[in-house]
Amino acid sequence: MHFKYTVIGAGVVGLAIARALSMRCGEDNDVLVVEKEKTFGTGISSRNSEVIHAGIYYVTGSLKHRLCLQGRRLLYDYCRQKSILFNKCGKLIVATGSEEIQALEGVYKQARANVVEHVTCLTAEETLQLEPDIQVFAALYSKETGILDTHAFMQSLESDVQQHNGTVVYHSEVIGLKRTAGGFALRMHDGTEMTSTTVINSAGLHATAVAAMLGIHAETMYPCKGNYFYYNGPHRCQHLIYPVPEKKLTGLGVHTTLDLGGRLKFGPDTEYVDATDDFQVPENKTEAFYQSAKKILNNIELQHLLPDMAGIRPKLQRPEDKQIRDFYIQEEPTVSGFVNLLGIESPGLTSALAIGDYVCKDILKLK
Ligand SMILES: Cc1cc2nc3c(=O)[nH]c(=O)nc-3n(C[C@H](O)[C@H](O)[C@H](O)COP(=O)(O)OP(=O)(O)OC[C@H]3O[C@@H](n4cnc5c(N)ncnc54)[C@H](O)[C@@H]3O)c2cc1C
């Protein structure tokens, strides 16, 4: 079998790219998605905070910044069109004491530089009107931040691909990838072989391993785990509540998120790890999460914190690096027709639809 475009990985990003491609091409055998697991999104895409980010923190002009802003707008529109559940609940970034004001001002400056809409400065009194149970000295309020039903989003993307004559196959792990005269030969774990003119590597935590099949060692990936605890006690939170971000921005600090059912969660923390498949949440982190949560929220009780889930970020930034790394999305200069996506950590979910357009328009030069 020969395909024009083969996307490796049916996470939210791979599916969004396949959707964008199939909407532009749309003939049989134009677009194929191969996924090693039995369904879509079992990797990073189902182990995250499900937050639609506003685009506040990222380096101005970076792909993370541009694709987050564009992706967020596209995502809200898409959710409305397809009746996918979302809640534009808004987010508070909270300074709990005067010593954090400088950092909070830095975040506000970055939000302004990034031209993020509807970010406002609040006094403690104004913040307490929105969230009466928090510790606050001053805060920023981002009205554009929200949460969504990620599973329904991915299901809808998969259905769009199929409606535009694309094919999504599961239980199909790519174990070999070779350059040929007309493109690429792919070998699957069950011995099946196929060819493709163009290959898009959107394999998340395994993307560097896929690139290495072609001898490409563009970047090293450093897995960074994020654990979550949920809170099964009573609470009155209605917004996402974040501390001022960590200095190196490896994560946004253990924060308070809500899911669409109003369940309160704390996390993710940041811990560089060796394995990409250890999703166990260590119970001995309960106290540390309690201390972080207590710093922001009043009335939190230790016995109501329970281990929830963990996700792993495909970071390009090493623990000792001071520079924040951007998404790596490019056609490899040494292997034309091979588009490599590495380091697609947060805000990858928010950016997914924009990444799809970017790969089509800016990289593959499709209209
Ligand atoms: C803790 C955490 C919190 C986050 N919170 C947010 C958030 O709130 N908002 C936000 O915007 N972003 C967030 N993100 C980022 C977001 O989740 C990711 O950017 C996004 O899910 C990445 O999607 P993906 O498709 O690139 O990867 P994945 O979902 O991992 O998809 C890659 C797919 O490739 C498949 N695959 C791998 N190798 C092969 C192979 N050889 N053959 C076939 N298939 C293969 C895998 O099985 C997998 O399904 C968070 C991430 C983490 C870890």
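Author: A word before we start: the domain bounds used here come from an automatic or database domain assignment. Also keep in mind that this is a predicted model.

Reader: Thanks! Into which domains is the protein chain divided?
Author: Each domain is assembled from separate stretches of the chain. One takes 2-47, 151-220 and 324-363, and the other takes 91-143 and 222-315. In that order, they are called domain 1 and domain 2.

Reader: Which domains each give at least three residues to the shell around the ligand?
Author: The shell holds 40 residues, with Glu35, Ser45, Val51, Ile344 and Thr350 the closest. At least three residues of that shell come from each of domain 1 and domain 2.

Reader: How many charged residues does the shell around the ligand have?
Author: Let's go by class. The nonpolar residues number 16, and the polar ones also number 16. The charged residues in the shell number eight.

Reader: Which helices and which strand each supply at least two residues of that shell?
Author: Residues 12-24 form helix H1, and residues 348-363 form helix H8. Strand E18 covers 305-315. At least two shell residues come from each of H1, H8 and E18.

Reader: Which residue has a side-chain N or O atom 2.7 Å from an oxygen atom of the ligand?
Author: A polar contact needs a pair of N or O atoms within 3.5 Å. Backbone atoms serve two ligand nitrogen contacts: one at 2.8 Å to valine 51, and one at 3.0 Å to valine 174. For the ligand oxygen at 2.7 Å, the side chain belongs to threonine 350.

Reader: How much of the ligand's accessible area does the protein cover?
Author: On its own, the ligand has 1000 Å² of accessible area. The share of this that the protein covers is 97%.

Reader: Back to the domains: what area is buried between domain 1 and domain 2?
Author: The C-alpha centres of the two domains lie 32 Å apart. Eleven residues of domain 1 and twelve of domain 2 take part in the contact. Carbon and sulfur atoms give 65% of the buried area, which is about 1100 Å².

Reader: Which residues in domain 1 lose the most area to domain 2?
Author: Three residues together account for 58% of what the domain 1 side buries. They are Arg47, Leu205 and Glu345.

Reader: Which residues are joined by a cis peptide bond with omega about 10 degrees?
Author: Most peptide bonds are trans. One cis bond runs from glycine 267 to proline 268, with omega near -5 degrees, and proline 268 sits in the loop between strands E16 and E17. Another involves a proline in the loop between strand E20 and H8. The bond with omega about 10 degrees joins serine 346 and proline 347.

Terms used
Residues numbered from 1 in each chain as written. Predicted model: local features only at pLDDT ≥ 70, side-chain atom pairs only at ≥ 80, totals over all residues. Heavy atoms only, no water. Near = heavy atom within 4 Å. Polar contact = N/O pair within 3.5 Å; in protein donor to acceptor, adjacent residues only side chain to side chain. Areas by Shrake-Rupley, 256 points an atom, 1.4 Å probe, with all protein chains shown as cover. Helix = DSSP H or I, 4+ residues; strand = E, 2+ residues; numbered from the N terminus. Nonpolar A, V, L, I, M, F, W, Y, C, P; charged D, E, K, R; others polar. Contact = heavy atoms within 4.5 Å. Buried area = accessible area lost by both parts, 1.4 Å probe.
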